[in-house]
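Colleague: I'd like to learn how to read a ligand site and the cysteines in a model. Could you walk me through one?

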Amino acid sequence: MKKPFVTHEKLQEITKEYPTPFHLYDEKGIRENAKALQDAFSWNPGFKEYFAVKAEPNPFLIDILRDYGCGVDCSSLTELMLSKVMGFAGSDIMFSSNMTPQEEFVYANEMGAIINLDDFTHIDFLEKTIGHIPETISCRYNPGGVFQIGNSIMDNPGDAKFGFTKEQIIEGFRILKQKGAKRFGIHSFLASNTATNEYYPKMAKILFELAVELKEKTGVDICFINFSGGIGIPYQPGQEKNDIAYIGNELRRIYDEILTSNGLGDVAIYTELGRYMTGPYGVLVTKAIHEKHIYKEYIGCDACAVNLMRPAIYKAYHHITVMGKEDEPHDHKYDIAGSLCENNDKFAIDRMLPKIDIGDLLVIHDTGAHGFAMGYNYNGKLKSAELLLKEDGSVQLIRRAEEPKDYFATLDGFPIYDALSKEKQF
Ligand SMILES: Cc1ncc(COP(=O)(O)O)c(C=O)c1O
């Protein structure tokens with residue numbers, strides 16, 4: 001049984017002040033999980049988690065993670081800007097981008113971020129763009145083929161647009177060294193939302209062996225290995241949470257076996273986890289506002305795919321709790337739909353739930369990463385607020401809901417402000 005981190009009573013109290021829909025985050029859960037990650041990798045003195053800002057670009061939440069030593073993994077200009085204003089600088093920032101525009105490399109370099117190159121041609125591109133090769137540099141590795149654990153195919157790196165091939169990374173490190181790089185890193189991301197504890201250990205073997213080979217063939221100083229994101233969360237009821245202590249221990253064993261024994265015992269382990277850090281500690285709270293009985297039974301709610309895109313684009317499962325009805329029989333089969341003019345705007349299809357009445361509060365689970373962040377404005381829909389349920393039980397508005405004037409803000413030269421500014425909804 002998946003239980004929300006917030007009670008029905010508390011949610012009723014919150015909705016008196018803040019109208020639905022909104023994303024609500026759990027400070028306590030975020031803190032406990034971040035601490036467990038640090039503990040699991042405490043054997044590695046250089047360990048650092050660079051939180052993937054793309055998963056949840058909210059400075060109030062990133063600030064909580066900073067208490068546990070987290071830096072930031074940025075993939076765009078605006079993520080870098082946000083990090084800059086938050087006071088991140090230098091090696092607290094990993095810039096892991098791809099198909100990168102010139103101005104983003106310039107900005108990352110000015111901030112002293114560690115630049116993680118996605119492609120062999122970016123060596124030349126970066127040098128021409130910023131005028132030199134930084135002393136610390138990282139390259140993203142793509143081993144090609146399929147990435148398999150046991151008999152199950154986890155993902156298909158051979159079809160992915162990311163990273164250097166094996167030959168390219170060896171040649172790339174040689175060139176970067178000639179051009180003045182002194183400290184090298186290897187980065188890889190081979191599977192997303194992995195539900196097994198064996199993902200990082202399996203990748204460790206690949207990356208640690210690559211590090212030994214790169215050192216032998218190019219003589220570079222490998223300072224860090226970045227496992228990026230990819231550790232999954234239990235979206236489905238009954239699914240087990242990944243065991244981060246086990247994953248940390250396994251990496252330590254493989255590290256000693258491959259790196260320490262080859263004279264690479266001072267390499268730092270880095271991660272760029274997003275989903276694992278905040279995913280389970282966020283929910284989308286929405287209200288049932290319509291019921292519709294045609295060929296199927298529908299509940300229409302006041303959130304839509306603009307607030308959470310994953311079900312629409314990936315057919316992703318997000319558990320739903322009808323608040324206050326947790327113990328009632330789940331004997332009604334519903335499609336839970338939003339208001340977009342798109343038939344894929346459904347948070348659940350054929351889901352067995354208790355009878356839903358208009359006004360019921362629905363909690364859509366595990367929206368704390370790649371949830372709000374993926375939001376968009378199709379149909380002119382506006383993005384919701386974000387709220388933080390603090391450890392002391394109080395609630396903080398950490399991002400206000402968009403208003404129509406935000407949606408129209410880029411229509412420079414069109415007199416929309418003059419025409420609408422007196423309307424109360426504006
Ligand atoms: C380069 C990079 N790092 C980290 C992440 C975070 O991944 P996750 O949220 O699965 O941990 C992503 C996700 O897309 C990514 O592209």
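**Around the ligand**

Modeller: Happy to! A residue is near a molecule if one of its heavy atoms lies within 4 Å of it. Here 14 residues surround the ligand, and Ser228, Glu272, Gly274, Arg275 and His370 come nearest. This is a predicted model, where local features need pLDDT of at least 70 and side-chain atom pairs count only at pLDDT 80 or more, while totals for chains, interfaces and linings use all residues. Residues are numbered from 1 along each chain as its sequence is written, and side-chain values use heavy atoms, with hydrogens and water left out.

Colleague: Which side chains have an N or O atom paired with an oxygen atom of the ligand?

Modeller: Look for polar contacts, pairs of N or O atoms within 3.5 Å. An N or O atom in the side chain of His370 is 2.7 Å from a ligand oxygen, and one in the side chain of Lys54 is 3.4 Å from a ligand oxygen. For a nitrogen of the ligand, turn to the side chain of Asp73, with an N or O atom at 3.2 Å. On its own the ligand has 390 Å² of accessible area (Shrake-Rupley method, 1.4 Å probe), and the protein covers 87% of that.

Colleague: And how many disulfides does the structure hold?

Modeller: A disulfide is a pair of cysteine sulfur atoms within 2.5 Å, and this structure holds zero. Take Cys223: its closest cysteine sulfur, in Cys139, is 13 Å away, so that is too far for a bond. Likewise, the sulfur of Cys341 is 9.9 Å from its closest cysteine sulfur, in Cys304, again too far for a bond.

Colleague: Is Cys341 buried or exposed?

Modeller: Buried means under 20% relative accessible area, exposed over 50%, and partly exposed in between (1.4 Å probe, protein chains only). Cys341, at 65%, is exposed, whereas Cys223, at 21%, counts as partly exposed.

Conventions. A polar contact is a pair of N or O atoms within 3.5 Å; within protein, one must be able to donate a hydrogen and the other to accept it, and residues adjacent in sequence count only if both atoms are side-chain atoms.
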